[in-house]
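Please work through the exercises below with the sequence and the model side by side, trying each task before reading its solution.

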Amino acid sequence: MTLACSQGGGSSLSPLRPAVQQTRFTYAGVLRTYRVYAPPTTGPRPPSALVVVLHGGAATINDAVATTMFDQAAAAGNFIVAYPQGTRGEWNAGFCCGTAPGRMVDDVGFLNQVLDHVEADYPVDRNRVFFTGVSNGAMMAYRFACENADRVTAVGSVAGSMVLADCHPSRPLSVIELHGTADPEVPYAGGPTNTAVQSSLVLPSTQEMTARWATLDGCTTPSTPATTGPVTTVTWTGCAGGTSVELVSVQGGGHVWFAPGLGPADGALDATTVFWQFFRQLPNRQPAAP
């Protein structure tokens, strides 16, 4: 593995770089890290989609790599995947969770810098940039999309929530939320959280949050729920700019990145496969309204 370091710019990697690169750079006076996996089959023509994977709270890049197995999905789907690292294993996603909000960490700015670096160093299709994450990482993906919709095509969230006072994306973007109904950390029904910066703030219900994205995207009424085993999917159609909003609820599912081998509920689907199938069928990102 090669370590490429930079100070606020691209890492000037060799065209013969290995598939895995870990890069460090200083942002806001703090040394930050991200990891990129680019399959050897990716090339400048055509440019490749980019998936940015945000780990959960108290976790690391290595945890995200091992849990999601997005490297393997990228090799099969011929796309690039980036894994940024939060400070102290946390993200400042809004009023929840951990100490990053209180420390006022500028993770939105950091992620913008990561995109700048990756898009400069790799053949990224900037119209097909997808953010995904779990728990605190999913919350961060939502925040970044709210504030930088011009750089995001879609968000895939596992056990996520909207923990922002407001969200006014500059353009419609697609969203898919995977959530267990028995999640003890980010409750499906919403409610208070012990890790909020202000104790009076509560998490919205998963259904309320997803419906909010449907409203932001100008979608029409949701579909009739489709159920297979413990998995129920609701899809909003007629959304602006060809976007799509989906809620995938897992009856009895917990606070996990859903994957085979985790039991009847948590193993009922593979979150990584679901997300890539959702992302790959979306149209290219549309420009913001003038």
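Buried means under 20% relative accessible area, exposed means over 50%, and partly exposed lies in between, with a 1.4 Å probe and protein chains only. The model is predicted, so local features need pLDDT of at least 70 and side-chain atom pairs count only at pLDDT 80 or more, while totals for chains, interfaces and linings use all residues. Residues are numbered from 1 along each chain as its sequence is written, and side-chain values use heavy atoms, with hydrogens and water left out.

**Exercise 1. Find the disulfides, and state for each its handedness and whether its cysteines are buried or exposed.**

Solution. Taking a disulfide as a pair of cysteine sulfur atoms within 2.5 Å, the structure holds 3.

- Step 1: Cys96 and Cys97 are bonded with their sulfur atoms 1.6 Å apart, and both are buried. The torsion about their S-S bond is about 55 degrees, so this disulfide is right-handed.
- Step 2: Cys146 is joined to Cys167 at an S to S distance of 2.1 Å, and the pair links distant parts of the chain, Cys146 lying in helix α5 and Cys167 in the loop between β7 and β8, 21 residues apart. Because the torsion is about -100 degrees, the disulfide of Cys146 and Cys167 is left-handed; both cysteines are buried.
- Step 3: Cys219 is joined to Cys239, S to S 2.1 Å, and with 110 degrees about the S-S bond this link is right-handed. Cys219 counts as buried because its relative accessibility is 16%, and Cys239 does so at 11%.
- Step 4: When the bonded cysteines are numbered in sequence order, the pairing reads 1-2, 3-4, 5-6.

**Exercise 2. How does helix α5 sit in the protein, and against which elements do its buried residues pack?**

Solution. Helices (H or I, at least four residues) and strands (E, at least two) are DSSP runs, numbered from the N terminus.

- Step 1: Helix α5 covers residues 136-147 and reaches 17 Å from its first C-alpha to its last, close to the 16 Å expected at 1.5 Å a residue, where the expected span is 1.5 Å times one less than the number of residues.
- Step 2: Of the 12 residues of α5, 11 are buried, among them Tyr142, Ala145 and Cys146.
- Step 3: The buried residues of α5 pack against elements including β4 (48-54), α4 (107-121) and α6 (206-216).
- Step 4: Trp213, leaving aside neighbours within four places in sequence, is in contact (heavy atoms within 4.5 Å) with residues including Tyr142, Ala145, Cys146 and Cys167.
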